[in-house]
Amino acid sequence: MTFGEFLSDRLGRTALQLVCAAAAALFLAATGTQTGVIVILLLVYFLIFTTVQVVDFLRQRSRLLELESILEGLDQKYLFAECVPPPNGLYERRLFDLTRRSGSAMIGAVSDAKNAQREYREYVESWVHEVKTPITAARLVCRQLEGDTRRKLDYELTQIEAHIERALFYARAEYPERDCVIRQTGLSEIVFQVVENHRTLLIQSGIRVETQELDFPVYTDKKWAAFILGQLLQNAARYRGEDPVIIISAKPLGKQTQLTIQDNGIGIPAHELPRVFDRGFTGSNGRSRGGSTGMGLYLCKKLAGFLELDLRLTSKEGAGTCVTLTFPARENLTKM
């Protein structure tokens, strides 16, 4: 707060005091008081008035600086009203009492919302585990079928499992630290596991997978990294072109390791590239081919941020898409 702001806030009061001083001077002059005496009285009045204003300004500015310092030092700033020192004046005490009551109500509302969110997340996780049982039973029934019916049913079950897995990771993404353990693991182990998990989808989509130079150790959570890579393979299968092929390769970047997933699919229009990681964005390809939720790449970006992976995507319409995942060096990780 500046002195100018302080005076502008008190403009009406100051104007009234000046008018009263002028009226008092006119009254004294009308009653025959000597001019010199009136001038002396006015000078004393203005000296006292100015001193009071300056002292009041310094007191208020000091109080504001103290409160700002307390607020800046709080991690949970909504607890500000609970942490300030007791006010001195009656008006400020009443004001802070109202603020404290309002803050308490807000804390209660936030707590209720967090509890409801936690209960919903726990329900989703429980539902996901429960629904896997009938899917497994359906797969056993599917094995008794033959020919094209079996392939189609197996493909649809694979799609259901992919949606369920996405829902599970979406629920866990709010508090990833509770389920994520970063440790050294083999990059080739992650890639081969993901390819095997999506074998049915890749075969039925007619996609050939080529792997190159994957024998590198990386520091990540194996399960979460596999989910990210699985989403990328599903996108490559959904937006495949003629004679589809996915090339998965890796190379060292100093102490980091960069994984590249390159496909020759239909690609992404240039004007849509800045939005591909937005929540719910499906794009023209997703709308034309159907089945897109707009959540896959959004989750990949969110989980990659927690794993401290650098996720980048480049694409050219009609020529394919290239996604790079750069795994951090061990000494750069903050979550180990």
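Helices are DSSP runs of H or I with at least four residues, numbered from the N terminus. In this predicted model, five such helices each supply at least two residues of the lining of the largest pocket: α5 (90-142), α6 (147-172), α7 (187-197), α8 (199-204) and α9 (222-238). The pocket holds about 880 Å³ of space. It is lined by 35 residues, of which R139, T158, E161, N197 and H198 are the closest to its centre. Helix α6 gives the most to this lining, with 13 residues. Sorted by class, the lining of the largest pocket contains 13 charged, twelve polar and ten nonpolar residues.

The second largest pocket holds about 390 Å³ of space. Its lining consists of 13 residues, and those closest to the centre are R59, Q60, R63, E92 and F96. Two elements, α3 (35-72) and α5, give two or more residues each to the lining of this pocket. Seven of the lining residues of the second largest pocket are nonpolar, three are polar and three are charged. Helix α5 thus appears in the linings of the largest pocket and of the second largest pocket. S104 also lies in α5. With a relative accessibility of 39%, S104 counts as partly exposed. The C-alpha atoms of S104 and L79 are 8.5 Å apart in space, while the two residues are 25 apart in sequence.

Enclosed space was examined next. Rolling a probe the size of a water molecule over the atoms shows where empty space is left. Three cavities of 30 Å³ or more are present in the structure. The volume of the largest cavity is about 460 Å³. It has 30 lining residues, and N235, Y239, I268, L297 and L313 are the closest to its centre. Two or more lining residues come from each of α9, β5, α10 (283-289), α11 and β7 (320-327). Of these, α9 gives the most to the lining of the largest cavity, with five residues. The lining of the largest cavity divides into 14 polar, twelve nonpolar and four charged residues.

The second largest cavity has a volume of about 40 Å³. L187, I190, A225, I228, L229, L259, L325 and F327 form its lining. Helices α7 and α9 and strand β7 each give two or more residues to this lining, and the largest share, three residues, comes from α9. By class, the lining of the second largest cavity has eight nonpolar residues, no polar and no charged.

The packing of side chains was also considered. In soluble globular proteins, nonpolar side chains tend to be buried together. The largest nonpolar core in the model has 50 residues, and the members that touch the most others are V191, I228, I246, I248, L259, L307 and L325. Helix α9 supplies the largest share of this core, ten residues. Among these core members, I248 touches V191, V195, V209, E210, T211, Q212, L214, L233, L259 and T260, when residues up to four places away in sequence are not counted. Another core, of seven residues, lies apart from the largest one and includes V124, V131, L168 and A171.

Helix α11 (residues 296-306) is largely enclosed by the rest of the structure, because eight of its eleven residues are buried. The buried residues of α11 are G296, L297, Y298, L299, C300, L303, A304 and F306. They pack against α6, α9 and β6 (310-316). Just after α11, E308 takes a positive phi of about 60 degrees.

A charged residue, D263, lies in strand β5 (residues 256-263). D263 has a relative accessible area of 13%, so it counts as buried, the limit being under 20%. The side chain of D263 reaches the backbone nitrogen of G265 at a distance of 2.9 Å. Leaving out residues up to four places away in sequence, D263 touches A236, V245, I246, A319, G320 and T321. One of these, I246, is among the residues that touch the most other members of the largest nonpolar core.

Technical notes: Residues are numbered from 1 along each chain as its sequence is written. This is a predicted model: local features need pLDDT of at least 70, side-chain atom pairs count only at pLDDT 80 or more; totals for chains, interfaces and linings use all residues. Side-chain values use heavy atoms; hydrogens and water are left out. On a 1 Å grid over the protein atoms alone, a cavity is a set of points where a 1.4 Å probe fits but cannot get out, and a pocket is an open set with protein on both sides within 12 Å along at least five of seven lines; lining residues have an atom within 4 Å of a point. Grid points are joined across faces, edges and corners, and a volume is the space filled by probe spheres set on the points. A nonpolar core is a set of buried Ala, Val, Leu, Ile, Met, Phe, Trp, Tyr and Cys residues joined through side-chain atoms within 4.5 Å. Buried means under 20% relative accessible area, exposed over 50%, partly exposed in between (1.4 Å probe, protein chains only). Contact means heavy atoms within 4.5 Å. A polar contact is a pair of N or O atoms within 3.5 Å; within protein, one must be able to donate a hydrogen and the other to accept it, and residues adjacent in sequence count only if both atoms are side-chain atoms.
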